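Let's read a fold together, one feature at a time. Have the viewer open and ask away.

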Amino acid sequence: MAHETDSFVYRLWRYDGAPGELIPLLQSAQEHFGYIPRRAIRYISEATHIPESAIYGVITFYSQFRLQPMGKHVVRICAGTACHVSGSKLLIESVQDELGIEVGETTADGLFTLFTVACLGCCSLAPVMMVGEETHGRLTPASVRRILRGYRRKSEAAGARPAAEATTGADR
Ligand code: FES
């Protein structure tokens with residue numbers, strides 16, 4: 001659990017303009033919100049007197065920072081050597097096309113966030129993709145689309161269920 005002195009509000013309150021304080025401030029904002037929302041950038045700008053545009057510049061420079069919340073399913077496609085020679089480039093293009101996003105982005109419905117990684121540690125299954133904690137190997141552009149559609153269908157079905165369960169639960 002993060003210590004109180006690491007918290008976003010505490011860091012914002014303690015900010016005194018010392019060099020190198022902006023990055024930890026942005027890190028704590030991301031830890032607090034799960035990403036760096038527009039309002040956090042506004043607070044930071046007001047507290048530090050650093051223009052919002054400069055803060056955006058820092059955020060977009062470092063790949064560790066996200067301007068959008070993480071999707072429900074984090075998709076990691078391996079771009080390591082074994083996967084690359086087995087066609088991961090084509091897989092990445094297929095996933096981008098299927099989800100309508102670029103690497104590092106989240107779908108508008110908040111369902112998927114797409115990343116590429118250097119190696120997922122199961123090269124014998126190349127090309128490989130992980131969706132959350134589940135590993136999918138020996139993929140083709142067609143199978144990768146099928147898999148992602150499966151996750152979408154499951155999420156849609158699960159999305160419909162809570163309302164029905166809530167009604168049942170209330171009756172108990
Ligand atoms: S290179 Fe892809 S899993 Fe190792």
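**Reading the sheet and the cores**

Q: How are the strands ordered in the open sheet?

A: Strands of a sheet pair through backbone hydrogen bonds, either parallel or antiparallel. Here the open sheet has 4 strands in the order E2-E1-E3-E4, with mixed pairing. The edges, pairing on one side only, are E2 (112–117) and E4 (134–136). Neighbouring strands are turned by 20° against each other on average, direction ignored. Strands (E, at least two residues) and helices (H or I, at least four) are DSSP runs numbered from the N terminus, and two strands pair if DSSP finds at least two bridges between them. Axes are lines fitted to C-alpha atoms, for helices over the stretch in contact, with angles from 0 to 180 degrees between N-to-C directions.

This is a predicted model: local features need pLDDT of at least 70, side-chain atom pairs count only at pLDDT 80 or more, and totals for chains, interfaces and linings use all residues. Residues are numbered from 1 along each chain as its sequence is written.

Q: How many bridges join E3 to E4?

A: There are 3, joining E3 (residues 129–131) to E4 in antiparallel fashion. Val131 sits opposite Glu134 of E4.

Q: Which helix lies across E1, E2 and E3?

A: That's H6 (residues 88–99), running at about 155° to E1 (73–78). Contact means C-beta atoms, placed from the backbone, within 7 Å. By that test, and leaving aside neighbours within four places in sequence, Met129 touches residues including Ile77, Leu91 and Val144.

Note on methods:
Contact = placed C-beta atoms within 7 Å.
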